Amino acid sequence: MNGSGRPSAIQVVSMTLEDIPRVLVVDQLSFPLPWSSATYRYELTQNANSHFFVALAEQARGASAASHGRRAWLNPANWFRPAPPAPPDPNRPVAGYSGFWYILDEAHISTIAVHPDWRGQGVGEHLFVAMLEKALDLGAVSATLEVRVSNERAQKLYRKYAFEAVGRRKRYYRDNGEDALLMTAELKGGYRETMRRLFAARPKGARAHS
Ligand SMILES: CC(C)(COP(=O)(O)OP(=O)(O)OC[C@H]1O[C@@H](n2cnc3c(N)ncnc32)[C@H](O)[C@@H]1OP(=O)(O)O)[C@@H](O)C(=O)NCCC(=O)NCCS
């Protein structure tokens with residue numbers, strides 16, 4: 001959050017190996033059975049069907065582009081040269097992440113989570129829509145996911161984008177034996193346009209939810 005109480009700008013980009021430590025933090029705060037670093041590494045380097053994303057917050061923790069600029073200015077050799085470009089900042093906070101597998105013409109959404117400090121501010125929706133955009137680019141005609149039957153918050157997000165419950169996987173979750181709802185959306189016709197309209201209509205900033 002910035003000082004005004006509204007979230008800083010969020011940028012959704014492809015996940016890289018550098019992001020993994022910060023993704024693990026969000027994962028551990030979000031799920032009872034978080035994935036390991038090795039699992040993310042495998043998804044990013046070995047699994048050609050994987051498409052993983054991070055939502056990066058604008059503000060960097062620690063070293064920033066501004067401090068890089070200051071360091072460069074302290075060197076007299078740089079005084080009469082144009083400022084060097086700032087290096088990629090590995091400290092940019094990860095507000096959330098998501099991933100899907102693209103198999104045949106179906107996107108299987110495998111994970112999505114937002115850091116608790118960033119929830120309710122549109123980050124999850126941004127990540128979700130970014131995945132669906134990519135899936136449509138790849139030629140997906142449908143998307144599926146599993147969600148805990150008790151996870152109404154996530155289900156509400158999925159229903160907003162036309163996902164419907166089509167089945168139930170009994171005792172799917174190993175930690176407590178909870179059932180999973182299997183949800184599917186047909187990505188045909190004007191799905192992309194409708195999705196973009198819905199996303200654009202979302203008010204900026206945090207939202208109160210009952
Ligand atoms: C589910 C999750 C990813 C949603 O991310 P988020 O950033 O909090 O959600 P957003 O602010 O983008 O809200 C998007 C939509 O989600 C739903 N939603 C979000 N917060 C909600 C809440 N507190 N109550 C009900 N619905 C909610 C709404 O449909 C909302 O759209 P709206 O604001 O137009 O009503 C996030 O809560 C999370 O990380 N939860 C823990 C991990 C998890 O359960 N992942 C899903 C596994 S299947």
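What follows is a short conversation about the sheet and helices of a predicted model.

Visitor: How should I read the numbering and the confidence limits?
Guide: Residues count from 1 along each chain as its sequence is written. Because the model is predicted, local features need pLDDT of at least 70 and side-chain atom pairs count only at pLDDT 80 or more, while totals for chains, interfaces and linings use all residues.

Visitor: What makes the seven strands an open sheet, and in which order do they stand?
Guide: The order is E1-E2-E3-E4-E5-E7-E6, with mixed pairing. Strands are DSSP runs (E, at least two residues; helices are H or I, at least four), numbered from the N terminus. Strands E1 (10-14) and E6 (164-169) each have a single partner, so one side of each lacks a neighbour in the sheet.

Visitor: Why are strand E4 and strand E5 called paired?
Guide: Pairing takes at least two DSSP bridges. Four bridges join E4 (106-114) to E5 (142-148), so the pair qualifies, and the two run parallel. Ala 107, for example, has Ala 143 in E5 as its bridge partner.

Visitor: Which residues of helix H1 are buried?
Guide: In H1 (residues 20-30) they are Ile 20, Arg 22, Val 23, Val 26 and Asp 27. Each therefore meets the cut-off: 20 or more other C-beta atoms, placed from the backbone, within 10 Å of its own (exposed means 12 or fewer, partly exposed in between).

Visitor: How do you know that they share the same side of H1?
Guide: Their arc, taken from the directions from helix axis to C-beta atoms, is only 160°, which puts them on the same side. Exposed Pro 21 and Gln 28 sit on the face turned away from that buried side.
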